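Please open the model in your viewer and keep the sequence panel beside it. The stops below are meant to be selected one after another, with a pause at each to look around.

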Amino acid sequence: MAEAAVKRTSGRGKFISFEGGEGSGKSTQIKKLADRLDAVKLRAIVTREPGGSPGAEVIRHLLLSGMGKLLGPDAETLLFAAARDDHVRTVIQPALTQGIWVLCDRFFDSTRAYQGRLGQVAPGVLNAMQRVTIGDLKPDLTIILDVPVEVGLQRAAARRGSGAPDRFEAEDIKFHQDLRDAYRQIAADDPQRCVLIDANADAETVAAKVWTALRDHLFAIPNAASTA
Ligand code: T5A
């Protein structure tokens, strides 16, 4: 069965992005999915934004320190775009071309939600940046993990321990509620690509829903349920 899975997905790799608010469980679910794909002998890499390539990781550091915020919403968005440009060119595209699946913790929907809806960067600016950085590249599937804001922030705080919240975790509760609404809207606007998953459950339950979404959207995984 594993052989069949590899054979039927030969060619370009699948591109799957994970999205959601702070502490929604993206990193946890990506790791579980990577393990599960490995079990059916599908080659996959796990990467993240901002970051994912050496150049983009430098920009990540700048952004999460809050330095980008000081420059204003447009310039901060340009920094996210610069990081994405490097990441796409040096990591994502080469992997997909080699038939390797890419599991990405955040992608352009994060820019749409955080900088577009919340930062109020104009759609024309976002569209132009998207054209330059990713062109026609779109995830084959976007998993949007949906949790109540309080739950996500509690999870993020528990994981952080005594460390300081980063630039976005430190925003007020309304910001996070608007963010949740923005993601729900993104899911509603593009149901072919996006699956909204209720992630207010234990990690195994959420992982089962993610796997079902994959099986339903990327039909090339045969007998997915039998690998549970
Ligand atoms: N950003 C990013 C933009 O503004 N624009 C952009 O274009 C892009 C790409 C990145 C920040 O940059 C912003 C958005 C972000 O604010 P980050 O440090 O990468 O920052 O942080 P996040 O992407 O927000 O991810 P987090 O690490 O905060 O959360 P995750 O990955 O969603 O959650 P995870 O899996 O680390 O889980 C958090 C904690 O909860 C537990 C985990 O064990 C962990 O302790 N947990 C659960 N607990 C109970 N039940 C479950 N189901 C659980 N799942 C996980």
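What follows is a tour that goes from the strands to the ligand and then to some single residues.

Residues are numbered from 1 along each chain as its sequence is written, and side-chain values use heavy atoms, with hydrogens and water left out. Please keep in mind that this is a predicted model, in which local features need pLDDT of at least 70 and side-chain atom pairs count only at pLDDT 80 or more, whereas totals for chains, interfaces and linings use all residues.

**Stop 1: the strands**

Begin by selecting residues 15-20, which form strand β1; helices (H or I, at least four residues) and strands (E, at least two) are DSSP runs, numbered from the N terminus. Six of the six residues of β1 are buried, where buried means under 20% relative accessible area, exposed means over 50%, and partly exposed is in between, with a 1.4 Å probe and protein chains only. In a regular strand the side chains alternate between the two faces of the sheet. In β1, F15, S17 and E19 lie on one side and I16, F18 and G20 on the other, and both faces are covered.

Now add residues 101-105, strand β3, which runs parallel to β1 and is joined to it by four bridges; two strands pair if DSSP finds at least two bridges between them. If you centre the view on I16, you will find that its bridge partner in β3 is L103. Adding residues 141-146 brings in strand β4, also parallel to β1 and joined to it by five bridges, and here I16 stands opposite L141.

Stay with β3 for a moment, since five of its five residues are buried. W101, L103 and D105 are on one side of this strand, with V102 and C104 on the other, and both faces are covered. Next select residues 44-48, strand β2, which pairs with β3 in the parallel sense over five bridges, with W101 as the bridge partner of A44.

**Stop 2: the ligand**

Select the ligand, which sits in the largest pocket. A pocket is, on a 1 Å grid over the protein atoms alone, an open set of points where a 1.4 Å probe fits, with protein on both sides within 12 Å along at least five of seven lines, and a molecule sits in one if more than half of its atoms lie within 2 Å of its grid points.

Which residues come nearest to the ligand? Of the 26 residues around the ligand, these are S27, T28, R106, T111 and R159, a residue being counted as near if one of its heavy atoms lies within 4 Å. The helices α2 (26-39), α3 (54-64), α5 (73-97), α6 (108-118) and α8 (149-160) each supply at least two residues of this shell, and α6 gives the most, with four residues.

For the atom pairs, show S27, where an N or O atom of the side chain is 2.6 Å from an oxygen atom of the ligand. Then show R60, with a polar side-chain atom 3.0 Å from a ligand oxygen, and A201, with a polar backbone atom 2.7 Å from a ligand nitrogen. On its own the ligand has 1,000 Å² of accessible area, of which the protein covers 84%; such areas come from the Shrake-Rupley method with a 1.4 Å probe.

**Stop 3: single residues**

Select Q115 in helix α6, which is buried, with a relative accessible area of 5%. Then go to D190, in the loop between α9 (173-189) and β5 (194-198). Is D190 buried or exposed? At 17% relative accessibility, D190 counts as buried. Its side chain makes a polar contact with the side chain of R193 at 3.0 Å, a polar contact being a pair of N or O atoms within 3.5 Å, one able to donate a hydrogen and the other to accept it within protein, where residues adjacent in sequence count only if both atoms are side-chain atoms.

**Stop 4: the backbone**

Most residues other than glycine have a negative phi, and most peptide bonds are trans. Select E49 and P50, which are joined by a cis peptide bond with omega about -10 degrees; P50 is found in the loop between β2 and α3. K41, in the loop between α2 and β2, has a positive phi near 60 degrees and is exposed, with a relative accessible area of 56%. End at R106, in the loop between β3 and α6, where phi is also positive, near 80 degrees, and where the residue is buried, with a relative accessible area of 11%.

Notes: On a 1 Å grid over the protein atoms alone, a cavity is a set of points where a 1.4 Å probe fits but cannot get out, and a pocket is an open set with protein on both sides within 12 Å along at least five of seven lines; lining residues have an atom within 4 Å of a point.
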